[in-house]
Amino acid sequence: MMHCTMDDLLALQAGEASGWARKHLETCAVCRAELETLYQRVAQLKALPGLRAPRDRWPAVRAVVLAGRDRRRRVWSVGSLAAAAVLAGLLLVRPWGTDLEAQLVQAQQRSATLESTLQQVGGDGRVMSGREAALASALEDRIAAIDGQLAERQAKELEALNLWRQRADLMQQLVQVRVTRANYVGL
Amino acid sequence: MTISLTVPDVLVARAKTGDLEALEALYRAFEAPVYNLARRMLRNAEDAEDVLQETFLEVVRNIGQYRGEGHLWGWIRQIAASKALMRIRREQVRETEVFDEATAAGHAGHNVGQALDLERAMQELSDTGRAVVWLHDVEGYTHEEIAEMMGKSVSFSKSQLARAHTKLRRTLGAGMEVG
């Protein structure tokens with residue numbers, strides 16, 4: 001007598017069996033027992049105890065995440081230094097009039113003061129809310145982009161002034177985010 | 001292992017913005033089921049731990065793309081299963097499954113009967129067979145879904161499942177020969 005194959009049994013289990021297999025099952029106690037064994041085996045698989053990782057892998061994941069953020073900050077810092085160097089060069093050459101020069105120096109000084117404030121507030125990567133983190137991250141990215149523009153080319157006087165003003169404004173917003181957080185956590 | 005994990009939407013929202021505390025909370029919530037899935041699919045614990053780590057690195061990188069359609073566990077599980085299957089594929093480049101077949105056949109000749117429990121029997125399956133059994137029978141993936149994840153055909157998934165169950169049945173010493 002021909003019995004059901006494992007394919008047939010699995011198809012029966014899935015409700016996709018052929019007409020032959022379904023008819024055969026009605027008359028064959030052996031195959032009914034095999035199908036029952038299959039059901040039991042699957043039930044036993046589902047009932048296997050949950051396994052837990054012997055070691056905590058979160059520190060490793062966290063380290064990779066923080067390394068990525070540090071990398072982004074370093075890019076920002078390098079860009080900031082390069083932008084300052086370009087500004088120093090521009091001040092030395094003085095390609096613009098005194099009024100623009102004064103405004104540029106003012107914007108640069110404002111930016112430097114805010115940057116100093118930011119360093120005092122600190123930023124260890126831990127934030128109280130995800131919204132603040134996202135905002136800070138977006139601001140840092142925009143500042144880095146401006147630093148990149150200032151560093152990559154010798155900006156024309158008005159363009160340089162605009163970029164430094166934008167940088168100072170963004171730095172102001174970043175300080176606000178960080179200070180708000182610092183106050184919130186009671187630092 | 002039945003998973004009924006729910007995490008607050010606000011936690012997911014915070015995680016999407018890169019909040020480390022929220023990301024760690026997600027890790028803690030899904031660490032056990034991810035590891036369990038990987039460990040059941042893979043031959044050794046070290047590989048399963050690596051899959052756990054790789055899975056959460058991808059979760060951290062891509063949580064912003066999770067749109068909240070379907071259960072978060074389903075999304076994370078999909079990543080974990082794919083990572084485990086990738087590892088199986090990499091292993092298969094180094095050692096063909098002929099070795100596994102030979103190992104299983106060797107044990108089949110012994111009268112191990114009920115002495116071998118189901119976990120050991122699972123370990124004796126080929127890597128692919130074990131993965132398909134776990135994904136289909138326990139995690140509830142369809143053959144179509146498994147085939148897509150593995151880059152194979154539906155009939156491949158079905159035949160792997162049938163072969164694996166035949167081996168399990170033989171290893172566990174159940175009654176008659178089938179097929």
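**Helix H1 of chain A and the interface with chain B**

Mentor: In this predicted model, H1(A) is followed by Gly15(A), whose phi is positive, near 75 degrees.

Trainee: Which residues of helix H1 of chain A are buried?

Mentor: In H1(A), residues 6-14, they are Met6(A), Asp8(A), Leu9(A), Leu10(A), Ala11(A) and Leu12(A). They are called buried because each falls under 20% relative accessible area.

Trainee: What do the buried residues of H1(A) pack against?

Mentor: Within chain A, they pack against helix H2 (19-27) and helix H3 (29-46); from chain B, H9 joins in.

Trainee: Why is the pairing of Lys158(B) and Glu16(A) called a salt bridge?

Mentor: The N to O value for these side chains is 4.0 Å. The rule asks for a Lys or Arg side-chain nitrogen within 4 Å of an Asp or Glu carboxyl oxygen, so the pair qualifies. Across the interface of chain B and chain A, the rule finds 8 salt bridges.

Trainee: Which helices of chain B supply at least two residues each to the side that touches chain A?

Mentor: They are H2 (20-41), H3 (45-62), H6 (118-123), H7 (127-138) and H9 (154-172). H2(B) gives the most, with 12 residues. By class, that side of chain B has 22 nonpolar, 8 polar and 15 charged residues.

Trainee: How many residues of each chain are in contact, and what area do the chains bury?

Mentor: The contact involves 45 residues of chain B and 44 residues of chain A. Between them the chains bury about 3900 Å², with 64% of it on carbon and sulfur atoms.

Definitions and conventions
Residues are numbered from 1 along each chain as its sequence is written. Chains are lettered from A and ligands numbered from 1 in the order in which they are written. This is a predicted model: local features need pLDDT of at least 70, side-chain atom pairs count only at pLDDT 80 or more; totals for chains, interfaces and linings use all residues. Side-chain values use heavy atoms; hydrogens and water are left out. Contact means heavy atoms within 4.5 Å. Buried area is the accessible area (1.4 Å probe) that two parts lose on being put together, summed over both. Helices (H or I, at least four residues) and strands (E, at least two) are DSSP runs, numbered from the N terminus. Ala, Val, Leu, Ile, Met, Phe, Trp, Tyr, Cys and Pro count as nonpolar, Asp, Glu, Lys and Arg as charged, and the others, Gly among them, as polar. Buried means under 20% relative accessible area, exposed over 50%, partly exposed in between (1.4 Å probe, protein chains only).
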